[in-house]
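User: I am in my first year and would like a close look at a single part of this protein, namely the place where its helices pack around the main nonpolar core. Please take me through it slowly and explain each term as you use it.

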Amino acid sequence: TVRDHLSTVLLAEGIVHEDAALNVLGRAAQGSMRDALSLTDPAIAFGGGELKADAVRAMLGSVGREPAVALIAALAARDGKSVVTLCSDLRMQGLSPDGTLESMATVLQDMAIEQAVSGAVDDGLPDGADVKRLAADMPADDTQLLYSIVLHGRRELNLAPDAHAGLTMVLLRMLAFGPA
């Protein structure tokens, strides 16, 4: 709803935008239309008059869903080397460990919804096909387990020597206890 309303407003104003950028704004606003509209003006300024997903994420300091999808796919494949490499890449890109886990939680939630109600995931989402593929490839109980580990891991990040070390340990825990 937020995405659709922002799209209508931006089209009326003649502002070039990506639907993915509107998804990011809607999530950041946590469904609040007022907050989404408030975030849109600085996002347009930050993007030089356009709304691009990467620019909006950079402005908000958020992590896109692409790294989360890649991590979950590596976890589902039990590919520890890829998990560690992806985690290292996140550190090198300066992406937030907490934001990464938050993004993973939203992807896992979408997967759980798709597993419970086939076809419920919005095909309009940029990663809708990936979510559906992961939901089909991973048993529902494994999805729930990974979701739980992500939530607990977010709370534990501040206890780790540094946040990226904490993220690495959460991901390794997911490998150790994750999909069989």
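Analyst: What follows goes from the core to the helix pairs around it, and then to a few single residues.

This is a predicted model, in which local features need pLDDT of at least 70 and side-chain atom pairs count only at pLDDT 80 or more, while totals for chains, interfaces and linings use all residues. Residues are numbered from 1 along each chain as its sequence is written, and side-chain values use heavy atoms, with hydrogens and water left out.

A nonpolar core is a set of buried Ala, Val, Leu, Ile, Met, Phe, Trp, Tyr and Cys residues joined through side-chain atoms within 4.5 Å. Buried here means under 20% relative accessible area, exposed means over 50%, and partly exposed is in between, with a 1.4 Å probe and protein chains only. The largest nonpolar core has 31 residues, and the members that touch the most others are Ile72, Met104, Met111, Leu171 and Met174. At least two residues of this core come from each of helix 5 (65-76), helix 6 (80-92), helix 7 (97-116), helix 8 (128-137), helix 9 (140-156) and helix 10 (163-177). Helices in this numbering are DSSP runs (H or I, at least four residues), as strands are (E, at least two), counted from the N terminus. A second core, separate from this one, has 16 residues, among them Val2, Ala21, Val24 and Ala36.

Ile72 is a good place to start. Setting aside its neighbours within four places in sequence, Ile72 is in contact (heavy atoms within 4.5 Å) with Met104, Val107, Leu108, Met111, Leu134 and Met138.

Now to the helix pairs. Two packed helices are described by the angle between their axes and the distance between the axes. Axes are lines fitted to C-alpha atoms, for helices over the stretch in contact, and the angles run from 0 to 180 degrees between N-to-C directions.

The axes of helix 5 and helix 7 come within 8 Å and cross at roughly 70 degrees. Helix 5 is therefore roughly perpendicular to helix 7, since angles of 65 to 115 degrees count as roughly perpendicular, those under 35 as roughly parallel, those over 145 as roughly antiparallel and the rest as oblique. Helix 5 passes helix 7 in a right-handed crossing; a crossing is right-handed if the near helix is turned clockwise from the far one by less than a right angle, and left-handed if anticlockwise. On the helix 5 side the contact is made by Arg65, Ala68, Val69, Leu71, Ile72 and Leu75, and on the helix 7 side by Thr100, Ser103, Met104, Thr106, Val107, Leu108, Asp110 and Met111. Sorted by class, this contact of helix 5 with helix 7 has 9 nonpolar, 3 polar and 2 charged residues, where Ala, Val, Leu, Ile, Met, Phe, Trp, Tyr, Cys and Pro count as nonpolar, Asp, Glu, Lys and Arg as charged, and the others, Gly among them, as polar.

Helix 7 also packs with helix 8, at an angle of about 65 degrees and with the axes 9 Å apart, so these two helices are roughly perpendicular to each other. Helix 7 passes helix 8 in a right-handed crossing. Val107, Asp110, Met111, Glu114 and Gln115 of helix 7 make the contact with Val131, Lys132, Leu134 and Ala135 of helix 8.

Helix 5 and helix 8 pack at an angle of about 20 degrees, with their axes 11 Å apart, and helix 5 is therefore roughly parallel to helix 8. Helix 5 passes helix 8 in a left-handed crossing. The residues in contact are Arg65, Val69, Ile72 and Ala73 of helix 5 and Asp130, Val131, Arg133 and Leu134 of helix 8.

Finally, some single residues. Leu171 lies in helix 10 and counts as buried because its relative accessibility is 1%. Leaving out residues up to four places away in sequence, Leu171 touches Leu71, Leu75, Val83, Cys87 and Met104.

Tyr147 lies in helix 9 and is partly exposed, with a relative accessible area of 27%. Tyr147 touches Ala105, Leu108 and Gln109, again not counting residues up to four places away in sequence. Tyr147 and Leu108 are 39 residues apart in sequence, yet 6.0 Å apart in space, C-alpha to C-alpha.

Arg78 lies in the loop between helix 5 and helix 6, and its 39% relative accessibility makes it partly exposed. Most residues other than glycine have a negative phi. Arg78, although not a glycine, has a positive phi of about 55 degrees.
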